[in-house]
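The exercises below are meant to be worked with the sequence and the model open side by side. Each one sets a task, and a solution follows step by step.

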Amino acid sequence: MKYFFTRARFLAIIFLGTLFASCSLIDKSDKIIGPQWEPEFAVPILNTEFSMADLLSRLDSNSYIQTQSDGLMSLVYEDQLASVSGTSLLSLPNLPVPMFDTTQQVGFPVDGIKLLGIKQGLLNYSFESVDIGTHELVVQIPEASQNGQAYEQIIEFNAPGTFAGTLDLSGYDLDLGSERMTFKYFARPIGTTEKKALVNFFFEITDLDYDQINGYLGTQDMELGGDSIQLDVFEDLIDGEFRINDPRISITLDNTYGVPIEVQANKFQVQTSQGIIELDHTGLENGLPINFPELTAIGSSSRTVIEINRDNSNIADLLSSKPSGISYDLSATLHPEGDTSKVGFVLDNSGFDLGLRVEVPLDIQLSEIELEQDLGLELTSMEQVESAELILITENRFPLDLVLQAYFLDEQGAIQDSLFDGPAQLLSAASVDQNGRVTESSSSTLDIALTAERWYRLQNSAEIRIKAEIATTQAGTVPVKFYDDYNLKVKLGALAELNP
């Protein structure tokens, strides 16, 4: 978007940039000024062609030109909005288990979990023994398994005494289908099968973290984050009206949460010189369901593309209002309907990757768009040119009118003179058909007389201020489209009077 108007402004300075840049009449004058001078000479300055690729050749790292199969060109901006991980989705509390008997069942402290893959966790234990001799403590959790084997650990201790220790639960899967956990222990003298009870036995699970959770986790809100995008494309516009006829914004969500999710926009707005305008898109305002992988596809990603276009929103009005920036803030709701029967999964690395794509097909209308830019001047090589007449010949296949005036400024920025007596028609827009495509080139010839007085003021100017007015075909009253076969042919020559 930015570079369309930048390059439209470029059209306004084609012949001036050629005249005053390093490869312009300055250099041509250097090459011909010498003893063989005649009082008058003619020199060609420019004979070239500019294509759509030239017009849109410089884009920032997040932007590019896309050409459709029919040749219609679009400006595309893409950026990664955010990457949100699910590691903070669920915090698992410690689970204390006083053992009133050698077998104790307790409920898991988080409802709805059917399977918990333990990424890390500790099983702390403590007890007293009044027996004498070397014993084995056997600890069992039937619901925990690894590679098909139920959890069992054997710890040797020398009684009597008070004992405590820590066991590792990492890598075990915890089956919570019954919503209960069973803890078992017994002690036995080494070399026997005699089971003995212990005194003040206590378990506690701590530092628990997951790598997978299957089940229903309840309705939860997640912040996906917000940001703003600055649009300096319109900063040089002084006045005028323009219309972008078919803009599209796509939000791409790659989701690895295996649960029902809705995404909503807490804020999606543009800033303009007249104030803030909100995006009107019912789905984003109320929440849009997005795709998610099923239990049979754990670890995979599901993509959803939310398209904001002229048919489902006011995006065409927003991007036609000279915006200076776009601000957004998105959030997501897991299990938005609260349906406990919908069992899904969450991994420790589940999350969202959000991408933003702004596509602006060059299907536009412009009228009375005013642009302004100051350019530096160095004409020290041209003292012996007394006056000149420039002849500009154009053959234009762009559907753009360009009216231009240039002012000569001194070092204080005060206007000393102008290039024309009045604004000059530099380009005439090509004709278009009912579909907005150019059907015929427009040709024009412009004579630019630089009198001795005007030439003197030009030579002594520090800058030149270009003011241009741009409009599409028929003063912007009809939509026009820009295709990759459009071009502009420019010929510029000079007839100069030299000081003898």
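**Exercise 1. Locate Pro160 and describe the peptide bond that leads into it from Ala159.**

Solution. Pro160 is placed in strand β7, which covers residues 149-168. In this predicted model, the peptide bond that runs from Ala159 to Pro160 is cis, its omega lying near 0 degrees. As background, most peptide bonds are trans.

**Exercise 2. Asn147 and Ala475 each have a positive phi without being glycine; state where each residue lies and how far it is exposed.**

Solution. Begin with Asn147, whose phi is near 55 degrees and which is found in the loop between β6 and β7. Its relative accessibility is 76%, and because exposed requires a value over 50%, Asn147 counts as exposed. Turn next to Ala475, whose phi is about 55 degrees and whose place is in the loop between β30 and β31. Here the relative accessibility is 48%, so Ala475 counts as partly exposed. For context, most residues other than glycine have a negative phi.

**Exercise 3. Decide whether the ring pair of Phe127 and Phe201 is stacked or edge-to-face, and place the pair in the chain.**

Solution. The structure holds 15 aromatic pairs. For Phe127 and Phe201, the ring centres are 5.4 Å apart and the planes make an angle of 5 degrees, so this pair is stacked, given that planes under 30 degrees apart count as such. The pair links distant parts of the chain, since Phe127 belongs to strand β6 (residues 113-146) and Phe201 to strand β10 (residues 199-215), with the two positions 74 residues apart. Both Phe127 and Phe201 are buried. A last step widens the view: Phe127 and Phe201 belong to one aromatic cluster, which also includes Tyr125, Phe157, Phe163, Phe183, Tyr185 and Phe203.

**Exercise 4. Describe how strand β9 is covered and paired, and follow Phe183 and Phe186 within the strand.**

Solution. Strand β9 comprises residues 180-189 and is mostly covered, with 7 of its 10 residues buried. One antiparallel partner is strand β5 (residues 103-107), joined to β9 by 5 bridges, and in this pairing Gln104 stands opposite Phe183. Strand β6 also pairs with β9 in the antiparallel sense, over 6 bridges, and there Val138 stands opposite Phe186. Phe186 has a further contact, in that the charged end of Lys195 sits over its ring, 4.5 Å from the ring centre. An arrangement of this kind occurs again where the charged end of Arg437 sits over the ring of Tyr483, 3.9 Å from its centre.

**Exercise 5. Assign the faces of strand β17 and identify the bridge partner of Asn255.**

Solution. Strand β17 spans residues 302-308, and its covered face consists of Ser302, Thr304, Ile306 and Ile308, whereas Arg303, Val305 and Glu307 make up the uncovered face. The strand pairs with β13 (residues 248-255) in the antiparallel sense over 7 bridges. In β17, the residue bridged to Asn255 is Ser302, which is a member of the covered face.

**Exercise 6. Give the strand order of the sheet that contains β21, and explain why β12 and β31 each have one side without a neighbour.**

Solution. The sheet is open and is formed by 3 strands in the order β12-β21-β31, with antiparallel pairing. The strands β12 (241-244) and β31 (480-481) stand at the edges with a single partner strand each, so one side of each is left without a neighbour in the sheet. Between β12 and β21 (residues 363-367) the antiparallel pairing extends over 4 bridges, and Ile244 stands opposite Ile364.

**Exercise 7. Characterise the lining of the second largest pocket.**

Solution. This pocket has a volume of about 150 Å³. Its lining consists of 11 residues, among which Gln405, Pro423, Lys467, Ala468 and Glu469 lie nearest the centre. The elements that contribute two or more residues are β22 (369-376), β24 (400-409) and β30 (463-472), and the largest share, 4 residues, comes from β24. By residue class, the lining divides into 7 nonpolar, 1 polar and 3 charged residues.

Terms used: Residues are numbered from 1 along each chain as its sequence is written. This is a predicted model: local features need pLDDT of at least 70, side-chain atom pairs count only at pLDDT 80 or more; totals for chains, interfaces and linings use all residues. Side-chain values use heavy atoms; hydrogens and water are left out. On a 1 Å grid over the protein atoms alone, a cavity is a set of points where a 1.4 Å probe fits but cannot get out, and a pocket is an open set with protein on both sides within 12 Å along at least five of seven lines; lining residues have an atom within 4 Å of a point. Grid points are joined across faces, edges and corners, and a volume is the space filled by probe spheres set on the points. Ala, Val, Leu, Ile, Met, Phe, Trp, Tyr, Cys and Pro count as nonpolar, Asp, Glu, Lys and Arg as charged, and the others, Gly among them, as polar. Rings of Phe, Tyr and Trp (its six-membered ring) pair if their centres lie within 6.5 Å; planes under 30 degrees apart count as stacked, over 60 as edge-to-face and the rest as tilted. Buried means under 20% relative accessible area, exposed over 50%, partly exposed in between (1.4 Å probe, protein chains only). A charge sits over a ring if NZ of Lys or CZ of Arg is within 6 Å of the ring centre and within 35 degrees of the ring normal. Two strands pair if DSSP finds at least two bridges between them.
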